[in-house]
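Here are my notes on this one, as numbered points. Have the viewer open while you read.

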Amino acid sequence: MVLLMAFSCYIILMGIKVVGSGFLLFSLSNLLLNVPSFHALVLVLDTMNILKKYFNNTRKPEGKLGKMMVNGMNGSSHAALAEWGFHFININRNDTALDCGCGGGANVKRLLELCDKAYGIDYSEVSVQKSKEINADAIKQGRCEIYQCDVRKLPFDNDAFNVITAFETVYFWQEIDKAFAEIYRVLRSGGTFSITNESTGTDKTSVKFSQIIDGMKLYTGKDLKDLLENAGFTDIEIHQHGTKPWLNVTARK
C-alpha cells in the first residue's frame, strides 16, 4: 500500500514539477503530512529525492524547486497569515521598514503600501531575485532595496528602521541570539520588531516538518519572549490565533 501511494505521489509530483506550480506542490505536501503512514511514505519518497528536497527549500530556496517554493510563499495561504500578523504592527507613512527573510517579496510589497520606504533581506539568491522582481517599480522609484545577506550581519547603520518584521523565518535562523542582537542594533529607539510564525511551536504539523527540514527549530511564544528580553527588547506581547496554530510576538526597543 505504501509503495502504491509513493508511486502515485511520485507521478503527481513529477507532473506538477513539469508545469512549475509551486502552489499545487505546496498544497500536496501539506496533505501528505496528514497521511497516517506518513513516516513510511517519507522514507520511500526520500529515495526519489524529491519531497525532502522540496521541504528543505523552505529554509533556503535554491534551483528549480526553490523557485517553486518562492512562488508558493507569495500564495494565498501565506497572505492570510501575513494579513493577520500585520494587525499587530503600527506603521506610519514616514516610517522606514525592514522585512527579514523576505522570501518572495510579498511582505515587502505590503510594507510599501503602508510606509514610504521598505527594505528586504534574505540569504537565498532565489528569494532575493523574486523579491526584486515583485517590487521592481518601487526599486526604480528609490522606495525599496533588497539585499542578500545573513541576518546575523546586517548591512545597515545603527538605528536605521522604525519597524522590522520576520514572517515564517526565525525557525531557520542560526545563532538566533546573535540575529536578535543585530536586529536590536538597527532598530530605532521606540521601534517595533514583529515575528509572525505559522506555528505555536508545539502543533503536530510543524513538529513533523521540523523532523524533515534540516536546521529547522520551533519556538513557543515564551521561547521567543525570553530570547527577545535577553537581546534587550521590552514591552513584549504574545498573540495566538483563535482557531489556527499561528503565533505573533511583538517587541519594542
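1. Strand 1 is covered on both of its faces: Thr 96, Leu 98 and Cys 100 are buried on one side, and Ala 97 and Asp 99 are buried on the other. That split follows a familiar rule, since in a regular strand the side chains alternate between the two faces of the sheet. With five of its five residues (96-100) buried, strand 1 is largely enclosed by the rest of the structure. Bear in mind that this is a predicted model.

2. Next, the pairing of that strand. Strand 1 runs parallel to strand 2 (residues 117-122), and five bridges hold the pair together. If you want a place to look, find Cys 100, which sits opposite Ile 121 of strand 2.

3. Now the whole sheet. It is open and has seven strands, ordered 3-2-1-4-5-7-6, with mixed pairing. Strand 3 (144-148) and strand 6 (234-240) are the edge strands; each has a single partner, so one side of each lacks a neighbour in the sheet. Ignoring direction, neighbouring strands of this sheet are turned against each other by 15 degrees on average.

4. Further along the order, strand 4 (residues 161-167) and strand 5 (residues 187-197) are parallel and joined by six bridges. One bridge to check by eye is that of Phe 167, whose partner in strand 5 is Thr 196.

5. What lies across these strands? Helix 7 (residues 106-114) lies across strands 1, 2, 3 and 4, and runs at about 165 degrees to strand 2. Helix 10 lies across strand 1, strand 4 and strand 5, at about 140 degrees to strand 5. Strand 1 and strand 4 therefore turn up in the list for helix 7 and in the list for helix 10.

6. Helix 10 also has a helical partner. Two packed helices are described by the angle between their axes and the distance between the axes. For helix 10 (residues 176-186) and helix 12 (residues 221-231), those values are about 55 degrees and 9 Å. That angle makes helix 10 oblique to helix 12, and the crossing of the two is right-handed.

7. Which residues make the contact between helix 10 and helix 12? From helix 10 come Ile 176, Phe 180, Ala 181 and Tyr 184, and they meet Leu 224, Leu 227, Leu 228 and Ala 231 of helix 12. Sorted by type, the contact has eight nonpolar residues, no polar ones and no charged ones.

8. Two single residues deserve a look. Ser 124 is in the loop between strand 2 and helix 8 (125-134). Is Ser 124 buried or exposed? Ser 124 is buried, because its relative accessible area is 0%, and the cut-off for buried is under 20%. Asp 150 is 26 residues from Ser 124 in sequence, yet their C-alpha atoms are 9.3 Å apart in space.

9. The other one is Thr 250, in strand 7 (residues 247-252). Thr 250 has a relative accessibility of 6% and so counts as buried. Setting aside neighbours within four places in sequence, Thr 250 is in contact with Phe 88, Phe 193, Ser 194, Asp 235, Ile 236, Glu 237 and His 239.

10. Finally, the overall numbers. The protein has 12 helices and seven strands, and buried residues account for 51% of its 253 residues. Of the contacts between residues at least 6 apart in sequence, 67% join residues at least 24 apart.

How values were computed
Residues are numbered from 1 along each chain as its sequence is written. This is a predicted model: local features need pLDDT of at least 70, side-chain atom pairs count only at pLDDT 80 or more; totals for chains, interfaces and linings use all residues. Side-chain values use heavy atoms; hydrogens and water are left out. Axes are lines fitted to C-alpha atoms, for helices over the stretch in contact, and angles run from 0 to 180 degrees between N-to-C directions. Helices (H or I, at least four residues) and strands (E, at least two) are DSSP runs, numbered from the N terminus. Angles under 35 degrees count as roughly parallel, over 145 as roughly antiparallel, 65 to 115 as roughly perpendicular and the rest as oblique. A crossing is left-handed if the near helix is turned anticlockwise from the far one by less than a right angle, and right-handed if clockwise. Contact means heavy atoms within 4.5 Å. Ala, Val, Leu, Ile, Met, Phe, Trp, Tyr, Cys and Pro count as nonpolar, Asp, Glu, Lys and Arg as charged, and the others, Gly among them, as polar. Buried means under 20% relative accessible area, exposed over 50%, partly exposed in between (1.4 Å probe, protein chains only). Two strands pair if DSSP finds at least two bridges between them.
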